[in-house]
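Trainee: Got a minute? I'd like to go through this one with you.
Mentor: Sure, put it up.

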Amino acid sequence: MDRMGEAPLCILCRRHPVSERWRPFCSERCRNEDLARWAEGRYSVPGEPVHGPDAEIDEHPDTESTKDG
Ligand SMILES: [Zn+2]
């Protein structure tokens, strides 16, 4: 069974107990950091090419590093 009684820890740093004001974080700092990370993940979208389901990858034994640009 899960033990109850102990205050949950900050979901970001996992070191300090969650503050009622900043839950589920321990402080405004952790909250802001989480938001920042979230925003970063949103903005930095990896430009991965969309491969179709029928796309077959041809692996060449001798891979030459092509110059980009
Ligand atoms: Zn924290």
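Mentor: Let's take the helix and then some single residues.

Trainee: What kind of model is this?
Mentor: This is a predicted model: local features need pLDDT of at least 70, side-chain atom pairs count only at pLDDT 80 or more, and totals for chains, interfaces and linings use all residues. Residues are numbered from 1 along each chain as its sequence is written.

Trainee: How many helices and strands are there in the protein?
Mentor: One helix and zero strands. Both are DSSP runs, numbered from the N terminus: helices are H or I with at least four residues, strands are E with at least two.

Trainee: Where is α1, and how many residues has it?
Mentor: α1 covers residues 28-43, which is 16 residues. From first C-alpha to last it reaches 22 Å, close to the 22 Å expected at 1.5 Å a residue. The expected span is 1.5 Å times one less than the number of residues.

Trainee: And how many residues of α1 are buried?
Mentor: One of the 16, so α1 lies largely in the open. Buried means 20 or more other C-beta atoms within 10 Å of the residue's own; exposed means 12 or fewer; partly exposed is in between; the C-beta atoms are placed from the backbone.

Trainee: What share of the protein is buried?
Mentor: Buried residues are 6% of the 69.

Trainee: What about contacts between residues at least 24 apart?
Mentor: They make up 0% of the contacts between residues at least 6 apart in sequence. A contact here is two C-beta atoms, placed from the backbone, within 7 Å.

Trainee: Switching topic. Which peptide bond is cis?
Mentor: The one from Arg23 to Pro24, with omega near 5°. Pro24 sits in the segment before α1.

Trainee: What is phi of Arg14?
Mentor: Near 60°, a positive value in a residue other than glycine. Arg14 is also in the segment before α1. Arg14 is exposed, with 10 other C-beta atoms within 10 Å.

Trainee: Is Arg15 buried or exposed?
Mentor: Exposed, as Arg15 has 9 other C-beta atoms within 10 Å. Leaving aside neighbours within four places in sequence, Arg15 touches Leu9 and Cys10 by the contact rule. The C-alpha atoms of Arg15 and Cys26 are 8.6 Å apart, with their positions 11 residues apart along the chain.Trainee: And Glu6?
Mentor: Glu6 is in the segment before α1. Glu6 is exposed, with 7 other C-beta atoms within 10 Å.
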